[in-house]
Amino acid sequence: METTSARGRALAAQKPTFLDVLGDLWDPHSNPNGIVNLGLAENTLMHAEMKEFCNANVQIDAHALTYGDGFSGSHRLKKAMSQFLNRYFSPWTALHPSDLAITSGVSNALECCAWALADAGDHILVGRPYSNAFKTIYGSRPGIELVEVSFGTTDPFSMAAIDEYERAYAAAKSKGLRIRAVLLCSPHNPLGRCYSEKVLKGYMRFCSRNGLHLISDEIYAMSVWKNPRMSDAPGFKSILSMDVREFMDPSMVHVVWGLSKDFGSTGLRIGCLVSPSNRVFLEAVEGISLYNFPSSVGDQLASRLLLDDIFTEQYISINQHRLAESYQYATEFLRSHNIPYLECNAAFFIWMNLGAVMDATATDQEILAKLREDRVYIAPGTVYAGEEPGWFRLVFGHPPHVLEEGLSRMVRAIQSENHERT
């Protein structure tokens, strides 16, 4: 006799495979035989600064022990968030607290888009590769399917890529699928690049032609840095900074951002959903806000952070500098070991081709298994719907001693694999 439902058993099968990594993290002193985590999208470069700020600003009042101002963020946090976004995202018209909702992380904000913009069985267009979390966010509870757009040799950040969206949309429609939205991630996960203003306009026109919502995931907005090898690469351009009325219905444009990536605070769980021209959408989000309720303590801490202009400005500047340094260190290592990779200038991961330096018959799972034998975790491209086997996402947003240990283990695993096959 089964003790759980069919739905429960299906969910159990979706248990994240990296949870064992989090339970056995490497530490040079307390756990030298632990797993070096270069796979999860976390930036630890500024943890010392964030820890100092948090410890100096965790001063809760009785209000934080209640339901506060509601389930979608305090008045103070909404004000702080709108002021921060006005300063750094340069919206074409100033944002107000009523234009946004606070959620328990950006994943929650994206899931709100699924609940409020689509019905179970509907579909959303997303280009390959894409964040492995998207399938879970949209599929597990809301029941929304992803239609994957393949690019082949076409640059995913070019105007020509929109033609691939057109083809994927037409093919989906011919099968009777109902497409509700396009999901863009800019800066991109896992490719670490930004869409140009011209291309963003192209996507808005595509959405307008086909009556689609545009969901812009801008969670890595402040994590853009200088790469001398990509001096002409576009920097971050928020959809909010463009007068979208020229290109599509503004009520169908929605942006998400949060503290997890740009402020190295995945555990703080503060996300934000911005939709200035769609009150009904935000009311729908309020309707399910009980399930997205951020911690009131996290709410108060985030408010203090975002209202501290001096700290945030210094933090962002130093973080970008450290990301550039870590990227240079990691890519020099890859080049010295003849490991191909794609250049980038945003976020904190590198799309690299370990398959190119392995035996041609080695699968992603075989490469992953060898990495795990040497106690290093790097995510395989298959979980990001990569179009070619052999690609992996390397997270470089860590101090030098962590990168050195992890990269050394990675090369050791590759060399042992090649040795065994010869």
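In what order do the 7 strands of the open sheet lie? Here are a few notes on that sheet and on one helix; please keep in mind that this is a predicted model.

1. **The sheet.** Reading across, the strand order is β2-β8-β7-β6-β5-β3-β4, and the pairing is mixed. At the edges sit β2 (100–103) and β4 (145–149), each of which pairs on one side only. From one strand to the next, the twist averages 25°.

2. **One strand pair.** If you would like a place to look inside the sheet, try β5 (residues 179–185) and β6 (residues 213–217): these strands run parallel and are joined by 5 bridges. To find your way on screen, start from V182, whose bridge partner in β6 is L214. As a reminder, strands of a sheet pair through backbone hydrogen bonds, either parallel or antiparallel.

3. **The length of α10.** Helix α10 covers residues 296–307, which makes 12 residues. At 1.5 Å a residue it should span 16 Å, and its end C-alpha atoms are indeed 16 Å apart, so the two values agree.

4. **The surroundings of α10.** Is this helix enclosed or open? Because 10 of its 12 residues are buried, α10 is largely enclosed by the rest of the structure. The buried residues are S296, G298, D299, Q300, L301, A302, S303, R304, L305 and L306. Among the elements that cover them are α3 (47–57), α4 (75–88), β7 (253–258) and α11 (309–336). Strand β7 also belongs to the sheet in point 1.

5. **The start of α10.** Here, a side-chain oxygen of S295 comes to within 3.2 Å of the backbone nitrogen of V297.

Terms used: Residues are numbered from 1 along each chain as its sequence is written. This is a predicted model: local features need pLDDT of at least 70, side-chain atom pairs count only at pLDDT 80 or more; totals for chains, interfaces and linings use all residues. Side-chain values use heavy atoms; hydrogens and water are left out. Two strands pair if DSSP finds at least two bridges between them. Helices (H or I, at least four residues) and strands (E, at least two) are DSSP runs, numbered from the N terminus. Axes are lines fitted to C-alpha atoms, for helices over the stretch in contact, and angles run from 0 to 180 degrees between N-to-C directions. The expected span of a helix is 1.5 Å times one less than its number of residues. Buried means under 20% relative accessible area, exposed over 50%, partly exposed in between (1.4 Å probe, protein chains only). Contact means heavy atoms within 4.5 Å. A polar contact is a pair of N or O atoms within 3.5 Å; within protein, one must be able to donate a hydrogen and the other to accept it, and residues adjacent in sequence count only if both atoms are side-chain atoms.
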